[in-house]
Each structure stands twice: as structure tokens, then as C-alpha cells.
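Biologist: I would like to learn how to read empty space and ring contacts in a model. Can we go through one together?

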Amino acid sequence: METFQMEIDKESKKCKFRTNEGNYWMLVAHGGIQSTAKEVSANTMFDIVWLGRRVALQASNGKYVCTKKNGQLAAVSDSIGVDEQFILKLINRPILILRGENGYVCHHKNSNTLDANRSIYDIFTLQFSDGAYHIKGAGGQFWYVSSTGLVCSDGDTPEDFCIEFLEHGRIGIKGKSGKYLRGDQGGTLKCDGETADSSSLWEY
């Protein structure tokens with residue numbers, strides 16, 4: 001299995017994939033994808049479609065990247081099916097530190113909730129789970145979303161969260177409800193964001 005570095009372009013918010021040798025994925029003739037580009041161009045940019053545990057990639061020709069029967073990648077599909085869905089796995093970030101528009105995410109002193117407006121941060125651990133992630137605190141307990149939409153940090157069993165790389169250096173995190181984690185006006189971390197906006201984008 002080969003590893004690629006994913007880079008989000010600041011201006012377009014499209015992504016590029018780079019090999020260990022420093023070459024970029026590139027759209028070539030007849031929809032083929034090759035890792036031969038030395039420089040960034042329109043044909044090395046891909047739009048990511050976030051599908052929960054899976055992602056789809058749309059090339060500059062407007063077609064979706066699929067896996068052909070011979071194992072090669074090609075941007076030839078008009079719609080997203082099973083062959084156009086991929087798992088994106090983070091391999092270089094086992095720890096998670098989040099900073100939002102009002103401050104860092106940190107354990108609340110007197111409850112099981114999380115603050116999103118602190119000047120100090122807590123370090124959390126990511127565990128991969130089939131395209132999603134479990135988020136674990138220093139005490140070994142897991143994040144979960146309560147019935148009222150509060151993000152709590154004292155779970156005995158892990159709950160899936162999906163991470164979306166939406167901007168350069170900033171991510172969105174979705175709970176199993178499909179809503180985004182956001183810091184509310186009072187500084188509490190909740191899972192009720194309908195869209196990815198300034199309250200639900202996190203530096204990591």
C-alpha cells in the first residue's frame with residue numbers, strides 16, 4: 001500500500017495528492033490518473049466529495065475518479081457508485097488539538113462536557129475506524145454526543161466521528177447525526193451545526 005500526502009489549496013480549497021518522491025497525481029489523456037506531475041496545475045487539482053466514512057474525488061474534467069478492474073485509477077465516471085468511493089486514512093496524526101474561532105477545545109472542569117473557548121488546550125487521541133474516527137481523552141474515555149446534542153468526553157464505548165478537510169489547515173468534524181461539531185455562544189462544544197461555517201471549522 002502506498003502513502004500519499006494530501007494538500008488543500010488555500011485559494012480553491014481543492015486538494016492535491018503528492019507521492020513520496022514529490023510528484024503529484026495528474027489527470028492525463030482519456031481520464032487516466034498518473035503520479036508524474038512535477039508542478040501544480042489545474043489537472044493536479046481534485047474536488048473532494050465527503051460521504052461520511054468514504055470520499056469521492058472529482059477531477060478537473062468533471063468526472064469522478066474510479067478504480068478500474070486492473071487496479072488503475074481513472075477519472076471517467078459521471079456519477080458516484082461503489083467504484084468511485086475511497087477510504088481516506090490519516091496516518092501521521094494520532095493526536096488531536098483543536099482550536100476554533102473562540103479558543104481551544106478543553107475538558108470542562110466540573111462536568112463531562114467540553115469547552116470550545118479556552119486559552120489552554122487538551123490533547124486527544126484519534127483512533128481510525130473504517131473511514132471514521134474515535135476520539136479519546138487523556139483518561140482513556142471516548143467522546144460521544146448526548147441526546148441533547150452536547151459533546152461529552154466520558155464515554156466507555158467509542159462513537160464514530162467523521163473528519164472533513166474543508167480548508168487549508170482547518171477541518172470539520174461530523175457526528176453520527178450528520179451534523180457538525182461547533183462551539184456555541186457560551187463556549188460549549190455541541191454537535192448541531194447544519195453547515196461548515198466559522199463556528200464549526202477547527203484548526204488542528
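Modeller: We will take cavities, then the largest pocket, then aromatic pairs, then a database record.
Modeller: This is a predicted model, where local features need pLDDT of at least 70, side-chain atom pairs count only at pLDDT 80 or more, and totals for chains, interfaces and linings use all residues. Residues are numbered from 1 along each chain as its sequence is written, and side-chain values use heavy atoms, with hydrogens and water left out.

Biologist: How many cavities of 30 Å³ or more are there?
Modeller: Rolling a probe the size of a water molecule over the atoms shows where empty space is left. On a 1 Å grid over the protein atoms alone, a cavity is a set of points where a 1.4 Å probe fits but cannot get out; lining residues have an atom within 4 Å of a point. Points are joined across faces, edges and corners, and a volume is the space filled by probe spheres set on them. Here the count is 2 cavities of 30 Å³ or more. The largest cavity holds about 100 Å³. It has 13 lining residues, and Trp50, Leu88, Gly131, Tyr133 and Ile163 are the closest to its centre.

Biologist: Which strand gives the most to the lining of the largest cavity?
Modeller: Strands are DSSP runs of E, at least two residues, numbered from the N terminus; helices are runs of H or I, at least four. β17 gives the most, with 3 residues. β6 (54-58) and β17 (162-167) each supply at least two. Domain 1 (5-86) and domain 2 (95-203) each give at least three residues to this lining; the bounds come from an automatic or database domain assignment.

Biologist: What lines the second largest cavity?
Modeller: Its lining includes Gly100, Glu101, Asn102 and Trp202. The space is about 40 Å³. By class, 3 residues are nonpolar, 5 polar and 1 charged. Ala, Val, Leu, Ile, Met, Phe, Trp, Tyr, Cys and Pro count as nonpolar, Asp, Glu, Lys and Arg as charged, and the others, Gly among them, as polar.

Biologist: How much space lies in the largest pocket?
Modeller: A pocket is an open set of points with protein on both sides within 12 Å along at least five of seven lines. The largest one has about 970 Å³. Of its 30 lining residues, Phe4, Met6, Phe17, Leu88 and Lys89 are the closest to the centre. β1 (5-8), β2 (15-18), β6 and β17 each give two or more residues. The largest share, 4 residues, comes from β1. The lining has 16 nonpolar, 8 polar and 6 charged residues.

Biologist: How many aromatic pairs does the whole structure hold?
Modeller: A pair of aromatic rings is described by the distance of the centres and the angle of the planes. Rings of Phe, Tyr and Trp (its six-membered ring) pair if their centres lie within 6.5 Å; planes under 30 degrees apart are stacked, over 60 edge-to-face, the rest tilted. The search finds 10. Trp25 and Phe46 have ring centres 6.1 Å apart and planes at 90°, so the pair is edge-to-face. Trp25 lies in β3 (24-27) and Phe46 in the loop between β4 (33-37) and β5 (47-51), so the pair ties together parts 21 residues apart in sequence. Ring pairs also link Phe4, Phe17, Trp25 and Phe46 into a cluster.

Biologist: Where does UniProt place the Fascin-like domain feature?
Modeller: The unreviewed UniProt entry places it at residues 2-88 and 102-204. Such annotations may be inferred rather than shown by experiment. Residues 2-88 are 0% helix and 41% strand, while residues 102-204 are 0% helix and 50% strand.
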